[in-house]
Amino acid sequence: MKPGILITLAALLLSACKEDETALPLPIEMTAEAVGYYCQMDLLNHEGPKGQIHLAGMAAPIFLSQVRDTIAYLHMPEQSHAVQATYVQDMANAESWAKPGSWIAANKALYVVGSDQMGGMGAPEFVPFSDATAAANFIANHGGALLRFDEIKPQDVLSGAAPELAAADQSDIANRLRALAPADRTN
């Protein structure tokens, strides 16, 4: 076979593989028509960060009036469609609480929980940040603690109360590691 034909076949095979890869949907900006999935209220009239979830087979994302509601939706066992992508508004680059920042992937954000800032529906909020320094500044002004996305448990978002944050030395993982440590260990 000629080298030109081999290169053409290789390129076709590689392009076929790329077509199988589905690109994640990008976040879209909210318009005046955007309403909260649970409350069906106009989202632009509610302050604080919001969330959007892109579902397989749906032409548009569902919007949620609070980030906490967004994460709660992801933790619920019964969903009608597969989740393709989830975005939250980054408060690291926000103009103000009333004007949240750009959209970031929910699983990449850091979350301040237990602050004095309430979400768009007046409930405790999980405030998303793309930057740890901005989150620390927010905590200094509003209280709370920092959690990664994978540290948020279903009970943290599915109950109506703010999550109870264990002290670092009282967490389940810390207790299990302490139990496994040799008795003569000093730390």
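This is a short tour of the structure in your viewer, with a suggestion at each stop for what to select.

**Stop 1: the whole chain**

Before you click on anything, keep in mind that you are looking at a predicted model. Show the whole chain as a cartoon: there are 5 helices and 7 strands to find. Colour it from the N terminus onward and you can follow the order α-β-β-α-β-β-β-β-α-β-α-α. The chain has 187 residues, and 33% of them are buried. Now think about which parts of the chain touch. Of the contacts with a separation of 6 or more, 59% are between residues 24 or more positions apart.

**Stop 2: leucine 24, out in the open**

Select leucine 24, in the loop between α1 (3–20) and β1. Is leucine 24 buried or exposed? Switch on the surface and check: its relative accessible area is 58%, and a residue counts as exposed when that value is over 50%, so leucine 24 is exposed. Add threonine 86 to your selection and draw a line from C-alpha to C-alpha. These two residues are 62 places apart in sequence, and the line comes out at 9.7 Å.

**Stop 3: helix α2**

Next, select residues 67–75, which form α2. Colour Val67, Arg68, Thr70, Ile71, Ala72 and Tyr73, since these are buried. What covers them? Show the surroundings and you will find β1 (51–55), β2, β3 (83–89), β5, β6 and α4 (154–158) among the elements that do.

Two residues of α2 are worth a closer look.

- Arginine 68 sits in this helix. Its relative accessibility is 4%, and the cut-off for buried is under 20%, so arginine 68 counts as buried. Its C-alpha is 8.1 Å from that of glycine 119, a residue 51 places away along the chain.
- Threonine 70 is in α2 too. With a relative accessible area of 0%, threonine 70 is buried. Its side chain reaches the backbone oxygen of glutamine 66 at 3.1 Å. Setting aside neighbours within four places in sequence, threonine 70 is in contact with Gly51, Ile53, Leu64, Thr86 and Val88.

**Stop 4: glutamine 66**

Threonine 70 has just pointed you to glutamine 66, so select that one now. You will find glutamine 66 in the loop between β2 (62–64) and α2. Glutamine 66 is in a loop, yet it counts as buried, at 1% relative accessibility. Where does its side chain reach? Look for the backbone oxygen of proline 124, at 3.3 Å. Then show what glutamine 66 touches, leaving out residues up to four places away: Pro49, Gly119, Gly120, Met121, Gly122, Ala123, Pro124 and Glu125.

**Stop 5: valine 112**

Jump to strand β5 and pick valine 112. Valine 112 is buried, at 0% relative accessibility. Its C-alpha lies 5.0 Å from that of valine 127, which is 15 residues away in sequence. Beyond its neighbours within four places, its contacts include Phe126, Phe129, Ala135, Phe138, Ile139 and Leu146.

**Stop 6: helix α3**

Two of those contacts, Ala135 and Phe138, take you to α3, residues 132–142. Select Ala134, Ala135 and Phe138, which are buried. Turn the view until you look straight down the axis of α3: the buried residues fall within an arc of 100°, so they line one face of the helix. Thr133 and Ala140 are on the other side, and they are exposed. The buried residues pack against β5 (110–113), β6 (127–129) and β7 (145–148).

Now zoom in on the two ends. At the N-terminal end, aspartate 131 acts as a cap, with a side-chain oxygen 3.2 Å from the backbone nitrogen of threonine 133. After the helix comes glycine 143, with a positive phi near 75°.

**Stop 7: the second largest pocket**

Finish at a pocket. Select Met91, Ala94, Glu95, Ser96, Trp97, Gln117, Phe129, Ala134, Asn137, Phe138, Asn141 and His142, and you have the lining of the second largest pocket. About 180 Å³ of space lies inside. Which element gives the most to the lining? You have just visited it: α3, with 5 residues. Colour the lining by class and you should get 6 nonpolar, 5 polar and 1 charged residues.

Methods:
Residues are numbered from 1 along each chain as its sequence is written. This is a predicted model: local features need pLDDT of at least 70, side-chain atom pairs count only at pLDDT 80 or more; totals for chains, interfaces and linings use all residues. Side-chain values use heavy atoms; hydrogens and water are left out. On a 1 Å grid over the protein atoms alone, a cavity is a set of points where a 1.4 Å probe fits but cannot get out, and a pocket is an open set with protein on both sides within 12 Å along at least five of seven lines; lining residues have an atom within 4 Å of a point. Grid points are joined across faces, edges and corners, and a volume is the space filled by probe spheres set on the points. Helices (H or I, at least four residues) and strands (E, at least two) are DSSP runs, numbered from the N terminus. Ala, Val, Leu, Ile, Met, Phe, Trp, Tyr, Cys and Pro count as nonpolar, Asp, Glu, Lys and Arg as charged, and the others, Gly among them, as polar. Buried means under 20% relative accessible area, exposed over 50%, partly exposed in between (1.4 Å probe, protein chains only). The arc is that of the directions from the helix axis to the C-beta atoms. Contact means heavy atoms within 4.5 Å. A polar contact is a pair of N or O atoms within 3.5 Å; within protein, one must be able to donate a hydrogen and the other to accept it, and residues adjacent in sequence count only if both atoms are side-chain atoms.
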